[in-house]
Structures are given as structure tokens and as C-alpha cells.
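Please open the model in your viewer and keep the sequence panel beside it. The tour moves from the whole chain to its pockets, with a selection to make at each stop.

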Amino acid sequence: QFRKSPAHYRAWLTQKREPTEAMRIGTLVHRATFEPKKFTMTTVVAPVVDRRTKDGKYVWEEFQASNAGKDILKADDLTIITGVQESIRDHSICRSILSNGVAEASAFAFDDEHQIQLKARFDWINDDVILDLKTTEDASPQGFARSMANYRYHIQAAHYLWCAKKVGQTAKRFIFAAVEKSNPFAIALYELSEEDMAMAEEERQQQLRMFGQCKRFDNWPSY
């Protein structure tokens, strides 16, 4: 949003945003992949019942009462989640990375130059690498390149590595695991070159300078 304009970012901050169904499923995909025990304890598949009937309504109410507080999934959603999870776990490089490290770790780092408090949330981090899961419709090199440009994943990579270093982590590599959301749940790993990472960090610094100025003068202009 800030890249569009400071005014758009400020408006975005003040809007009440409810998670979409796609966002909810994305969260559960990450939980199943990186925190499988937690996923098993906090998620349940809904029974297939006709809630318009007396019996169906009774079964549904009993199901809800016995699973209060859990995330409820449809069977089709579980198929997607387990498909992505298995693609990650069956990939030899991912499996090696996941053999040690920490899931869903947060880093809070203060940028002294721009006087901004920053945050990163790592899907998985160990002493060598940060692994970031991206579900996508197209995990091919061409498809993921489009996603990279549209969602600015390169800036995320630069930002996460900066935050990791700032809080004393030793990871120096950032790997994207792109997994398609339909059968056969094709997977591909991507890592930016040193040159691309340097360009991403330069762009990130430009955005931080602008953000710092907006914050300092409380001025959030449009285009």
C-alpha cells in the first residue's frame, strides 16, 4: 500500500479488515506445514450434514459444542492443506532445512537510521537459512516471477534478512518454497542472486526513507 502512495497506506491502516477465507486457509497451510502438532490439536474437519433437517442440525450443534475454539475445515480445504504440507515435507532440501530450526518466529528490530520500529515473522529459520512458504496457482519460474513482481517478495526477502541480522541471527540465505494449490501440488524453490538482493535492499531503503519522512512530519501525501 505504501508503494502506491503514503495516503493509501495511511487509509489502509485505519480500515477494519476481516481475514478472507483464502487468508484463513493460508494460515492453516502454514500451521500444518511448520507446526503440525499444533495443527492437529487446533483443527477439525466438519461433518457433511444437512443442517436444514432436525437430525442434521442436532449433529452440527453437537459437533460445534465438542470442538469449540477449533478451526473448522471442509474436506476439500484439508485436501489442499495436506497436499501442500506433503510437497514441502517430501522435498529433500526442505526436509533438510526443517530438520532444525524454529517455526513462526518473530523478530523486532529498530532501524536507527530512519527511526522506525520494524518487524519480521519467519515461517522457518535456522542458523543458515530462512524458509518462506508461498502457495500459488503457478510455481513455474515464469509464474513465480510474476508473483514476485506483483507481491514484492524480493523486498520481503531483503527485509527479513536485515531483521534477522539485526537481532543477532546468523541466517544469510532466504529461500522461497513455492507450492501450487492443486494436484499434484507442484513445488519449486527459488533464491535471489546477490545482485538481485542488493537491488531489493536498495529499493527497501528508499521506501524506508520516505516512510520515515512521512512519519516524522506526519504528512502522508497522495501521488
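The stops below begin with the overall chain and then turn to two pockets.

Begin with the whole protein chain, which is a predicted model, and colour it by secondary structure to bring out nine helices and seven strands. Turned along its principal axes, the C-alpha trace spans about 65 × 45 × 35 Å. Of the 223 residues, 40% count as buried, and if you display contacts between residues at least 6 apart in sequence, 67% of them join residues at least 24 apart. Switching to a surface view shows an accessible area of about 13,600 Å², of which 52% belongs to carbon and sulfur atoms.

Next, select W12, K134, Y151, Q156 and Y160, which of the 50 lining residues lie nearest the centre of the largest pocket. This pocket has a volume of about 2,400 Å³, and the elements that each supply at least two residues to its lining include α1 (6–14), α5 (75–90), β4 (116–125) and β5 (129–136). Highlight α2 (21–34) as well, since α2 gives the most to this lining, with 10 residues. Coloured by class, the lining has 19 nonpolar, 12 polar and 19 charged residues.

Finally, move to the second largest pocket, with a volume of about 420 Å³, by selecting L161, W162, K172, R173 and M197, the residues nearest its centre among the 17 that line it. Here α8, β6 (173–180) and α9 are the elements that give two or more residues to the lining. The lining of this second pocket divides into eight nonpolar, three polar and six charged residues.

Notes: Residues are numbered from 1 along each chain as its sequence is written. This is a predicted model: local features need pLDDT of at least 70, side-chain atom pairs count only at pLDDT 80 or more; totals for chains, interfaces and linings use all residues. Side-chain values use heavy atoms; hydrogens and water are left out. On a 1 Å grid over the protein atoms alone, a cavity is a set of points where a 1.4 Å probe fits but cannot get out, and a pocket is an open set with protein on both sides within 12 Å along at least five of seven lines; lining residues have an atom within 4 Å of a point. Grid points are joined across faces, edges and corners, and a volume is the space filled by probe spheres set on the points. Helices (H or I, at least four residues) and strands (E, at least two) are DSSP runs, numbered from the N terminus. Ala, Val, Leu, Ile, Met, Phe, Trp, Tyr, Cys and Pro count as nonpolar, Asp, Glu, Lys and Arg as charged, and the others, Gly among them, as polar. Buried means under 20% relative accessible area, exposed over 50%, partly exposed in between (1.4 Å probe, protein chains only). Contact means heavy atoms within 4.5 Å. Accessible areas come from the Shrake-Rupley method with a 1.4 Å probe; for residues, only the protein chains shown count as cover.
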